[in-house]
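Ready for some practice in reading a structure? Take the exercises below in order, try each task yourself, and then follow the solution step by step.

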Amino acid sequence: MRKHTRAALLCVAAALTLTACAAGKGGGASSEAAAAPGKDDKLTLTVWSNYSDRELEEVTKALKTFNKKFPNIEIKHEGSQDDDKITAGIRSGNTPDVALSFTTDNIGQFCSSGAFQKLQPYIDRDKVDLNQISPAVREYTEYKGNRCAMPMLTDVYAMYYNTGMMAEAGVAAPPKTLDELFEAAKKLTKKAPNGDIERAGYLPTMGFYANRPTILGPSFGAEWTTPDGKSALATSPGFTEMMTFQKKLVDFYGFDALERFRAGLGQEYSADHAFHQGKIAIMMDGEYRTAFLKAQAPQIKFGTAPFPTWKPADYGTAFTTGTIMGIPKGAKNPGAAWELIKHLSFDTDTIVDLSNAIKNVPSTKAAMESPKLEVDAQFKTFIDLAKSDKLKGNPVTPIGDAHIKAVTDFAVSYTSGKEPDLAAGLKKVDQNIDDQLAKSGK
Amino acid sequence: MTATLGARPAPGRGRARARHRLAVLGFMAPAIIGFVLFFGYPLVATVIFSFTKYDLINAPEFTGLDNYLFMFKDPLFTKAIQNTLWFVAVLTIARTVFALGVASVIARLKSGVGLIRTLCYLPSLAPPVAATLVFFMVLRPNGGPFATVLGWFGLDSPLWFSDPMWAKPGITAIMLWISGDLMIIILAAILDVPQEQYEAAELDGAGPIRRWWHVTLPTISPVLLFGIVNSVILALQLFTQAVVAGSAGSGSADSTGSTKYLGFPDNSTLTFPVYLYTQGFRYFDMGYAAAMATVLFIISFGVTIVLVQRMRKGSAAEEGGPGA
């Protein structure tokens, strides 16, 4: 018996040692800038991204333009690599030189954990002028002053409206205030004699398509945190207004009728998207939808405009987020990786060509002004919003999207009537977010 | 001679025994190594991580019981536990009864057995993501085939994956559809019941239902125990179907990263493994995820032990017969 106990203890001790070693593994993250590659250095840069199909090809083309500056560097681009794979790669020592992440909500974790290396030493060494990028975009690519990522194009969100339906319903101009949006939604909604919704003027369900609290936040002037870093939902009038407005719309449709209608709508990135199918007249979405609509639903005539705001003075504000690029901890060629990131972040022609190809908003002011940028009437709205100083970036936290999920869950409960007390509910969500922030300790 | 051997084994005999032990160990080595590497080590490591703050990148920091204490103030933890216990209770019973029912019917068929058996088994081979999406389309309350059929009778379809009350039954329906693997195992057990027992029961005047109840069921009870334990484990580990159904219901099945809405609607599809994954890989709190995994392991272990003991007692009573 004693022999067995001793053996078990030995096994646990061995596991402890192994676990400690494995958990601490991963290449070092230097706080100094690595040297840029020489003109004769032959090397291969591995880039991981989550792109696939046509977008993967277009991004690969953009990456290849780097060879004009460094013909000696071969670029190996691997698509369909999400954040889980990037993290696993860092842990196992199999890291790419450059990682592209779609999940901007993870920037807090990437920067605070050292998963992405600090870029400030490179920026200082190369005297890079970050003012070429708008403050909102700079905001979502750093965490507490630690810049560990750069933007690769950006997404800007605005209102889409079906021009034919607007004309038919007698809505003369795109709404600019929430009251106007409510009235337009009522006029544009079509119901069957049995009360079923056939067409929704504006679909308010939180969490559905781009109806996320982060994206809607700027239109309501919603503040996520207090100056001391605590969750500010209950104290921010914007959140109260957002929930009240959503509930007013849900009550207009009737929660059950709205859910029955919503349950029959297509997925967000499919050709069955409700706006493509003419089942919703007004919606919030990113600039990329212009390309989706032209490719998948050319029959839909649509316009774009800034999303209506609670306070008229805020009109012209918008939410922005986007793909981020970083040098993962343990990257084999950090110096060359920075050169590639710098190229993708600031080379105007490359940014403009990529923007034209995948219909995202360029991330630098110079690229937005470029005559080569293809800007039609619908896309212009997004460019104008991106240039505006009212643009708001994605809120950055070290807890991924936990705060966004907490607010979305509450919004659904509140608008369905399950949670009747708005103020108490928001306080509860604040407490939940604060608990998670405190637990993260970052 | 015997006495001598008993007092002190001959050196040649001792060496033979050692060689025998080594040979046994050698044959068992692949299994032992696999067990230690892929079960023992991860299990111990998970328990160790559960007492740490660990973001997957940096070395873990010891935080004592913090992760376990946080469970008491985490509303989603409670919700995830409730959801998983619902599946353990409902899915286990439904899956075992469904598979037993289908197997019993197939066992009595006279013709077309091969075709029907194949048709019932085939869905279990479908990849879980595809199977869930197909089911999602079939159950779509607005224009889906199921809703259309209900409409012919003037009935409204439930909102399935949009209504918190129906989302879990919807997932259970998917799990029943793909339970062909268990059905085949139970069918094999039923076909293995000795024919003489049925004949004896028939001579005693037992009809088909009594034969099934008194002959088939007791004979296949070990297989049913396996089915129940297997279903409990399946329910405790329910992940893929919950993620796909929740994200498809919220319109984000084709989204990536944090825009995929997990738990929809109203966190009714947020099972324990889904929440564990969310904490570990979306919120980078692997210490908390490890604590959750430890709790899940303890629950699974406890439930399995209780089940096995109860079934063993039942079998012993059955074998002992009246008065035993």
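**Exercise 1: Two helices that meet**

In chain A, A:Leu216, A:Gly217 and A:Phe220 of helix H9 meet A:Gly238, A:Glu241 and A:Met242 of helix H10. Two residues are in contact if their C-beta atoms, placed from the backbone, lie within 7 Å. Helices (H or I, at least four residues) and strands (E, at least two) are DSSP runs, numbered from the N terminus. Before going on, note that this is a predicted model, in which local features need pLDDT of at least 70, side-chain atom pairs count only at pLDDT 80 or more, and totals for chains, interfaces and linings use all residues. Residues are numbered from 1 along each chain as its sequence is written, while chains are lettered from A and ligands numbered from 1 in the order in which they are written.

Task: At what angle do the axes of H9(A) and H10(A) cross?

Solution:
- Step 1. Find H9(A) at residues 213-220 and H10(A) at residues 237-253.
- Step 2. Their axes come within 9 Å and cross at roughly 110 degrees. Axes are lines fitted to C-alpha atoms, for helices over the stretch in contact, and angles run from 0 to 180 degrees between N-to-C directions.
- Step 3. H9(A) and H10(A) are therefore roughly perpendicular to each other (65 to 115 degrees; under 35 counts as roughly parallel, over 145 as roughly antiparallel and the rest as oblique).
- Step 4. Sort the contact by class: three nonpolar, two polar and one charged residues. Here Ala, Val, Leu, Ile, Met, Phe, Trp, Tyr, Cys and Pro count as nonpolar, Asp, Glu, Lys and Arg as charged, and the others, Gly among them, as polar.

**Exercise 2: A phenylalanine in a loop**

Task: Is A:Phe70 buried or exposed?

Solution:
- Step 1. Locate A:Phe70 in the loop between helix H2 (53-64) and strand E2 (73-78) of chain A.
- Step 2. Within 10 Å there are 20 other C-beta atoms, so A:Phe70 is buried (20 or more other C-beta atoms within 10 Å of its own; exposed is 12 or fewer, and partly exposed lies in between).
- Step 3. Look for partners further off in sequence: not counting residues up to four places away, A:Phe70 touches A:Pro37 and A:Glu339. The C-alpha atom of A:Phe70 is also 9.3 Å from that of A:Ala336, 266 residues apart along the chain.

**Exercise 3: Where two domains touch**

Task: Which element gives the most to the side of domain 1 of chain A that touches domain 2?

Solution:
- Step 1. Mark domain 1 (30-154 + 322-380) and domain 2 (156-319 + 397-440) of chain A; such bounds come from an automatic or database domain assignment.
- Step 2. Contacts join 11 residues of domain 1 to 13 residues of domain 2 in chain A.
- Step 3. On the domain 1 side, helix H4 (107-113) and helix H16 (377-387) of chain A give two or more residues. H4(A) gives the most, with three residues.

**Exercise 4: The meeting of the chains**

Task: How many residues does each chain bring to the contact between chain A and chain B?

Solution:
- Step 1. Chain B brings 41 residues and chain A brings 49.
- Step 2. On the chain B side, helix H2 (11-49) and helix H14 (272-282) each supply at least two residues, and H2(B) has the largest share, five residues.
- Step 3. Now examine H14(B): nine of its 11 residues are buried, among them B:Phe272, B:Val274 and B:Arg282. After H14(B) comes B:Phe284, with a positive phi near 60 degrees.
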